[in-house]
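Here's a quick briefing for anyone meeting this protein for the first time. Have a look at the sequence and the fold, then read on.

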Amino acid sequence: MGEVAAVVSAITAVAGLLLAVFGIPLVGGSSPLGRGVAAEGAPTSDAVAAASPSPSQTPTPSASASVSVPASALPSVSPSPPPASVSAPASSCSSSLPKDWRRVKAAALAVCFGRPDGWEQVPASEVQSTWRSPDRSYDLSVKRDRSYGSTPQAASAGQLAWYRDTAESSMADLEVTTHKTRQNGRDALWLEIDYHWARQSKPRKRLEVFVAGRAGYVYQLLVDTEASPQRLAEQSRLFATARESLRIDVNAR
């Protein structure tokens, strides 16, 4: 028994010697490195700093989202052109009106104009806005069209050709006087048209102005009435006020 005890003691001594020299773990899950760090305590501030990215290394949302794209892969965007050079009143509805007038903004026609208070709108085409006085003596109409051309000369010539087609217009015996004028800061044509309805003999008069707008459109403003002295005087006043209130190419930039 004494010899056995001596052998066991010798084996134990050898095992201790091996553990001290090679660090062989005695329990699963531990390691010499783990034990060494635990024995030395928590990492120093320098060790933490070395293990963490510096502020310059820390990715930010903007930096991580930044991607270099070749210029050829980007869509071509042309710079916006400067606004066309036109008089300021031509593209706004800010004109002043007489107290007994109201402003009409016809968005489909890109136009604003004035009409007397109490006038009623008359059903018209999609290219025209027409208003009639309560006594049905006067009609005021604004039209925006490009069917006959893009200049006042072409548009007025086309319109007159239609007027002279009595079967279409019911107008007869037209006599036309044409004047050069200015409207909304642009060259324009002012027409005086004497006529009568095909089945009536009473003379009538129509005052019209034609002015070119954008995109090939021409604006046409008219005031129509019977050709009596009293009504002609009022017609001239209505036509002058309507022309002054006319604003073309509104919101058409």
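How many bridges join E8 to E9? The count is nine, and the two strands run antiparallel. Keep in mind that this is a predicted model. Overall, the protein's secondary structure comes to seven helices and 10 strands.

**The big picture**

- The protein has 253 residues, and 33% of them are buried.
- Take the contacts with a separation of 6 or more: 49% of them are between residues 24 or more positions apart.

**Strand E8 and its neighbours**

- E8 (204-212) is a good place to start: nine of its nine residues are buried, so the strand is largely enclosed by the rest of the structure.
- Its residues point two ways, with Arg-204, Arg-206, Glu-208, Phe-210 and Ala-212 on one side and Lys-205, Leu-207, Val-209 and Val-211 on the other.
- E7 pairs with E8 in the antiparallel sense, over eight bridges.
- One residue pair to look for here is Trp-190, whose bridge partner in E8 is Val-209.
- E7 and E8 make a hairpin, with six residues between them.
- E8 and E9 make a hairpin too, and there five residues sit between the strands.
- In the turn of that E8-E9 hairpin, Ala-215 has a positive phi of about 60°.
- Ala-212 stands opposite Val-218, which belongs to E9.

**Helix H5**

- H5 covers residues 152-163, and at 1.5 Å a residue its 12 residues should span 16 Å; the end C-alpha atoms are 16 Å apart, so the two agree.
- Its buried residues are Pro-152, Ala-155, Ser-156, Gly-158, Gln-159, Leu-160 and Tyr-163.
- What do those buried residues pack against? Their partners are helix H6 (166-169) and the strands E5 (139-145), E6 (171-183), E7 (186-197), E8 (204-212) and E9 (218-226).

**A three-stranded sheet**

- Elsewhere there's an open sheet with the strand order E1-E2-E10, paired antiparallel.
- Its edge strands are E1 (101-106) and E10 (247-248), each pairing on one side only.
- E2, residues 111-116, is joined to E10 by two bridges in the antiparallel sense.
- Val-111 has Ile-248 of E10 as its bridge partner.

**The largest pocket**

- The largest pocket has a volume of about 430 Å³.
- It is lined by 23 residues, and Gln-128, Asp-139, Trp-197, Arg-206 and Leu-222 are the ones nearest its centre.
- Two or more lining residues come from each of strand E4 (128-132), E5, H5, E8 and E9.
- By class, the pocket lining has nine nonpolar, seven polar and seven charged residues.

**The cavity**

- There is one cavity of 30 Å³ or more, and about 80 Å³ of space lies in the largest cavity.
- The elements giving two or more residues to its lining are E5, H5 and E9.
- Among the lining residues are Lys-143, Asp-145, Ala-155, Gln-159, Phe-210, Val-218 and Gln-220.
- Some of these names have come up already: Ala-155 and Gln-159 are buried residues of H5, while Phe-210 is a buried residue of E8.
- The cavity lining divides into four nonpolar, four polar and three charged residues.

Conventions: Residues numbered from 1 in each chain as written. Predicted model: local features only at pLDDT ≥ 70, side-chain atom pairs only at ≥ 80, totals over all residues. Heavy atoms only, no water. Helix = DSSP H or I, 4+ residues; strand = E, 2+ residues; numbered from the N terminus. Expected span 1.5 Å × (residues − 1). Buried < 20%, exposed > 50% of the residue type's maximum accessible area, 1.4 Å probe, protein only. Contact = heavy atoms within 4.5 Å. 1 Å grid on protein atoms, 1.4 Å probe; cavity = no way out; pocket = protein on both sides within 12 Å on 5 of 7 lines; lining within 4 Å. Points joined across faces, edges and corners; volume = space filled by probe spheres on them. Nonpolar A, V, L, I, M, F, W, Y, C, P; charged D, E, K, R; others polar. Pairing = 2+ DSSP bridges.
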